[in-house]
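Colleague: Please take a close look at the part of this model around its largest cavity, and describe the elements that surround it.

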Amino acid sequence: AASDVYKRQLSNYFKMNQNLKQKLEEKLALVEDKANNFFDLFINLHLIADTTGTILQVNNASKNILGYEIEELINTSFLDFVHIDDRENTIKEMNKLAKGKVVYYFENRYLHKNGTYITLAWSANTDTDNKIIYASAQNITKIKLIEVERKKQDEVIQQQSKMATMGEMIAYIAHQWRQPLANLNGLYLNLEIDYNKKLLDKK
C-alpha cells in the first residue's frame, strides 16, 4: 500500500513538473515572439552581422530605410552598400567592434535600392565570444540636407556681409579722395578765373 501511495505521489510530481515545463515553454515562446515583434516593428534599422561584415539578420525597417527586402540583404556584406568614401572609416569602426569596444555614434552613407545614398547614424555593440555585431541605425539624411542648406545660407550671409563691409570701405575711401580732389578742382577754377582776368599769363 505504501508503494502505491509513493507511485501516485511520484506520478503527480511528474505531472506537475510536466505542466510547469509546458507553462515555462509557453512563456518563453511568448517572450521570444514579443522580442521578434519589437525587432521587426522598430522604426530604426536593426542589423545583426558577424565581425567580417556579413549580414545575418535585419529587421523590416530595411524596406522603408534602404528599399531592400530582408532576403536581399541576408548573407551579403554590408560594406558593399557603404559609399566608397566612407568605407575606410567604417572598417575602422568595425575593427573597434571586433575588439569589444562599443560604438556610440558613427555616420556613413548607404546605397539605397533606388541608386541614391542615404546617411545613417549608427550605434553598435559586439558579442565578442560569438563574434556577432548588434547594430542600430537611424536615417538622418533629411537632417544632413538641412545642415548643408543651413551651411550654404550661412556662407551666403557671410559673403553678403563681406560685400557690405567692402562697399562701406570703398565709400569711405572715395569720400577721403573727394576732399583733396575738390580742393584741386577749386584751385584749377581760381587759376582759370585769374587767367581770364589777365591776372596770370600763359607761363
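Modeller: In this predicted model, helix α4 lies across strands β3, β4 and β5 and runs at about 140 degrees to β3. Helices (H or I, at least four residues) and strands (E, at least two) are DSSP runs, numbered from the N terminus; axes are lines fitted to C-alpha atoms, for helices over the stretch in contact (heavy atoms within 4.5 Å), and angles run from 0 to 180 degrees between N-to-C directions. Residues are numbered from 1 along each chain as its sequence is written. Local features need pLDDT of at least 70 and side-chain atom pairs count only at pLDDT 80 or more, while totals for chains, interfaces and linings use all residues; side-chain values use heavy atoms, without hydrogens and water.

The three strands belong to an open, antiparallel sheet of 5 strands in the order β2-β1-β5-β4-β3, where pairing requires at least two DSSP bridges. Its edge strands are β2 and β3. Between β4 and β5 there are 8 bridges, and Leu-120 has Asn-139 in β5 as its bridge partner.

The largest cavity holds about 170 Å³ of space. A cavity is a set of points on a 1 Å grid over the protein atoms alone where a 1.4 Å probe fits but cannot get out, and lining residues have an atom within 4 Å of a point; the volume is the space filled by probe spheres set on points joined across faces, edges and corners. Of its 15 lining residues, Phe-78, Met-94, Leu-97, Trp-122 and Ala-135 are closest to the centre. Two or more lining residues come from each of β1, α4, β3, β4 and β5.

Note on methods:
On a 1 Å grid over the protein atoms alone, a cavity is a set of points where a 1.4 Å probe fits but cannot get out, and a pocket is an open set with protein on both sides within 12 Å along at least five of seven lines; lining residues have an atom within 4 Å of a point.
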